[in-house]
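This report looks at a ligand site and at a few residues and backbone features elsewhere in the chain. Please keep the sequence and the structure in view while reading.

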Amino acid sequence: MQRVVLASSNAHKLREIGEILAPSGIELVPQTALGIAAADETGRSLIDNALLKARHAAAHARLPAIADDSGIEVDALDGRPGVYSARYAGARASDEQNLKKLEQELALVPHDRRGARYVCAMVYVRYATDPSPIVCEGHWVGRIAHERRGNNGFGYDPVFFVPELGLTAAELDPGVKNAMSHRGQALRALLVALLGVQTGIGAVS
Ligand code: IMP
């Protein structure tokens, strides 16, 4: 079984990523279990930040690393909060504070202008200085609901409405969310790329 450090301390993400990777034979070690502090997220894009986090974790753990950076892009806000989703209401803002700020900003935005999407960048590095990281993205398109619904998930999930299901992300069972979500898509793409690299399948060298 291959040990890989996961560069996240978000318990919700750990659970989601762990569930998807469970059948893959990869043993995920959260960076917090190794006493590794979170990297500074100074990048200007989700990919920048995911790479920063992965290299930081790999350097300290001396193991291959997986990192994700994700956020929500709202059409009526020209794509904000995007890469700043976790810090939308301030540097140490809680999920509740960020959600409230989004609700306030969109209070006067009509139904047909409330399009949004979750985006996730997922990165794998073999070691800190890896010159060929694997980078995969996932997108999940939805709308920002006028009212919160559901108790599952985290972050903006209570207002992230999934039109094809008629439910918010917070009303979905974890397995259904993983099957549809930006993070699930990015992680499955990463697994395919990773297994291809490890087995030589699809590798061009
Ligand atoms: P990160 O931990 O720096 O990647 O920040 C991601 C932030 O984006 C989270 O704190 C949430 O605010 C938001 N976010 C990303 N993915 C999700 C999701 O699946 N549900 C709800 N909010 C999410």
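## Burial and the case of Arg 183

A residue is called buried when its relative accessible area is under 20%, exposed when the value is over 50%, and partly exposed in between. The model discussed here is a predicted one. Arg 183, which is found in helix 5, has a relative accessible area of 2% and is therefore buried.

Which residues is Arg 183 in contact with, leaving aside its neighbours within four places in sequence? The list consists of Lys 13, Glu 16, Ile 17, Asp 68, Ser 70, Cys 120, Met 122, Phe 154 and Lys 177. With one of these residues, Asp 68, the side chain of Arg 183 also makes a polar contact of 3.4 Å.

## The ligand and its shell

The ligand sits in the largest pocket of the model, and there are 16 residues around the ligand, of which Lys 13, Tyr 118, Asp 157, Lys 177 and Arg 183 come nearest. Arg 183 thus belongs to this nearest group, and Lys 13 and Lys 177, which are also in the group, are in contact with Arg 183 as well.

In terms of secondary structure, strand 3 (65-74) and helix 5 (182-199) each supply at least two residues of the shell around the ligand. Strand 3 gives the most, with three residues.

Polar side-chain atoms approach the ligand at several points. For Asp 157, such an atom lies 2.7 Å from a nitrogen atom of the ligand, whereas for Lys 177 the partner is an oxygen atom of the ligand, at 2.9 Å. Glu 41 likewise places a polar side-chain atom 3.0 Å from an oxygen atom of the ligand. On its own the ligand has 490 Å² of accessible area, and the protein covers 94% of this.

## Leu 34

Leu 34 is found in the loop between strand 2 (26-30) and helix 2 (46-61). Its relative accessible area of 37% falls between the limits of 20% and 50%, so Leu 34 counts as partly exposed.

If residues up to four places away in sequence are not counted, Leu 34 touches Val 5, Val 29, Ala 61 and Leu 63. The C-alpha atoms of Leu 34 and Asn 151, residues that are 117 places apart along the chain, are separated by 31 Å.

## Backbone features in the loops

Most residues other than glycine have a negative phi, and most peptide bonds are trans. Against that background, three places in the loops of this model deserve a look.

Arg 62, in the loop between helix 2 and strand 3, has a positive phi, near 55 degrees, although the residue is not a glycine. What is the relative accessible area of Arg 62, and is the residue buried or exposed? The value is 76%, which is over 50%, and Arg 62 is therefore exposed.

The loop between strand 3 and helix 3 (95-105) holds both Asp 78 and Pro 81. Asp 78 has a positive phi, near 55 degrees, and is likewise a residue other than glycine; with a relative accessible area of 76%, Asp 78 is exposed. In that loop the peptide bond that joins Arg 80 and Pro 81 is cis, with omega at about -5 degrees.

Definitions and conventions. Residues numbered from 1 in each chain as written. Predicted model: local features only at pLDDT ≥ 70, side-chain atom pairs only at ≥ 80, totals over all residues. Heavy atoms only, no water. Helix = DSSP H or I, 4+ residues; strand = E, 2+ residues; numbered from the N terminus. Buried < 20%, exposed > 50% of the residue type's maximum accessible area, 1.4 Å probe, protein only. Contact = heavy atoms within 4.5 Å. Near = heavy atom within 4 Å. Polar contact = N/O pair within 3.5 Å; in protein donor to acceptor, adjacent residues only side chain to side chain. Areas by Shrake-Rupley, 256 points an atom, 1.4 Å probe, with all protein chains shown as cover. 1 Å grid on protein atoms, 1.4 Å probe; cavity = no way out; pocket = protein on both sides within 12 Å on 5 of 7 lines; lining within 4 Å. Sits in = over half its atoms within 2 Å of the grid points.
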